[in-house]
Amino acid sequence: MPQLITIGETMAAFTPDSVGALRYVQNFGIRTAGAESNVAVGLAKLGLEAAWVSRLGTDEFGCFIRNQLRAEGVDCSRVIYDPDHRTGIMFKETSVGETKVFYYRENSAASHLCPEDVTPALLDGVKILHMSGITPVLSESCLEMTKAAFALAKEKGVAISFDPNIRRKLWHGQDYAPFIRELTQQSEIVLLGLDEAEALFGLRDPDAIFDLLFCDGCAQYVAIKDGGNGAWVADKTTREKLPPYPCKPIEPIGAGDGFNAGFLAGILQGRDAVTSGRMGAVCGALATQTPGDVEGYPDAIQMEAALTGAAITYR
């Protein structure tokens, strides 16, 4: 039985083997890319049981994603296979100091997630449901599915973890801020960026953000992420600023999801908010040292080495 379930789209990501405009690229590697599945992979690497729920096309890219996530130890038994819609794909373009991403996800299988996919038994025995603000803006049915998932979690007493993960390009001119703000305030675990807090609540002061989420929302734990500047973490009795974990970054994509994974792992292991935040900082930092989203995430042995100040050994 998984301790955590996460719901959202994962795409097949094509990464170039050379720097420059895609028109000049001859060869690509292929990886998985999805905020929610990244979190599941991060937890699985740390030895926790995590399941990922989504829709995949009955195509080769869907098979690839399933196989890759299973290989990382993620439970994919609840994935729905859709014969009528294809798996989304994306391409990365890299240049000096910059990464661009091109999505081909319109009408993808995952965009057809719907309330009926959130079955009454989905969260049986689960401790945390993790979702992001990407999923509800993919389609009207995804928005309704998100509402159904939140309602089911509330009904079953499952803690909701939420990362607003604002992607305005997916909003297509609509203003989803009020809805994402509502989801944030309904969640027991809030994992948001400092810029996202300003976009949603007009606040940049961490204490003001904590006050809002603990007093006006349902939050039990909050982490405010600020990239290379570190993070602030809190529960209802403790607040602390955490420095970034030392790293040699080459690619920032996947760092926020890595932080989420480490933080949630700490909570599931019964650790306090500060230790959980340190775990998040380690995962997020190590994610930046590889070109893929999840390849740098640590295992449990590497995590304990980082927490105790020992040298991390890569195997």
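Helix H1 (residues 35-45) is mostly covered in this predicted model, since 11 of its 11 residues are buried, where buried denotes under 20% relative accessible area, exposed over 50% and partly exposed the range in between (1.4 Å probe, protein chains only). Helices (H or I, at least four residues) and strands (E, at least two) are DSSP runs, numbered from the N terminus. The buried residues of H1 include Ala-35, Asn-38, Val-39, Gly-42 and Leu-43, and Glu-36 and Lys-45 are likewise among them. The elements against which the buried residues of H1 pack are E1, E4, helix H2 (60-71), E9, H7 and helix H9 (300-308). Just after H1, a positive phi of about 90° is found at Gly-47.

One of these neighbours, helix H7 (residues 255-268), has an axis that comes within 8 Å of that of H1, and the two cross at roughly 45°. H1 is therefore oblique to H7, given that angles under 35 degrees count as roughly parallel, over 145 as roughly antiparallel, 65 to 115 as roughly perpendicular and the rest as oblique. Axes are lines fitted to C-alpha atoms, for helices over the stretch in contact, and angles run from 0 to 180 degrees between N-to-C directions. The crossing of H1 and H7 is right-handed; in this convention the near helix is turned clockwise from the far one by less than a right angle, whereas an anticlockwise turn would be left-handed. On the H1 side, Ala-35, Asn-38, Val-39, Gly-42 and Leu-43 meet a set of H7 residues that includes Asp-257, Asn-260, Ala-261 and Leu-264, contact being defined as heavy atoms within 4.5 Å.

The sheet is open and comprises eight strands in the order E4-E1-E9-E10-E11-E12-E13-E14, with mixed pairing, two strands being paired if DSSP finds at least two bridges between them. Strand E4 (50-53) and E14 form its edges, each pairing on one side only, and the twist from one strand to the next averages 15°. H1 packs on this sheet through strand E1 (4-7), E4 and strand E9 (128-132), and its direction makes about 165° with that of E4. Towards E14, strand E13 (residues 231-235) runs antiparallel to that edge strand and is joined to it by four bridges, with Glu-240 in E14 serving as the bridge partner of Val-233.

Charged side chains supply a further set of links, with a count of 15 salt bridges, each being a side-chain nitrogen of Lys or Arg within 4 Å of a carboxyl oxygen of Asp or Glu. In the salt bridge between Glu-188 and Lys-154, the closest N and O atoms are 2.9 Å apart. Because Glu-188 lies in the loop between helix H4 (177-186) and strand E11 (189-193) and Lys-154 in helix H3 (residues 140-156), this pair ties together parts that are 34 residues apart in sequence. Glu-188 is buried at 17% relative accessibility, whereas Lys-154 is partly exposed at 37%.

A salt bridge also joins Asp-207 and Arg-239 (3.1 Å, N to O). Asp-207 belongs to helix H6 (residues 206-215) and Arg-239 to strand E14 (residues 239-242), so that parts 32 residues apart in sequence are tied together. Asp-207 is partly exposed, with a relative accessible area of 39%, and Arg-239 is partly exposed at 38%. Arg-55, Asp-82 and Asp-117 are joined into one network by salt bridges that share partners.

Residues are numbered from 1 along each chain as its sequence is written, and side-chain values use heavy atoms, with hydrogens and water left out. Because the model is predicted, local features need pLDDT of at least 70 and side-chain atom pairs count only at pLDDT 80 or more, while totals for chains, interfaces and linings use all residues.
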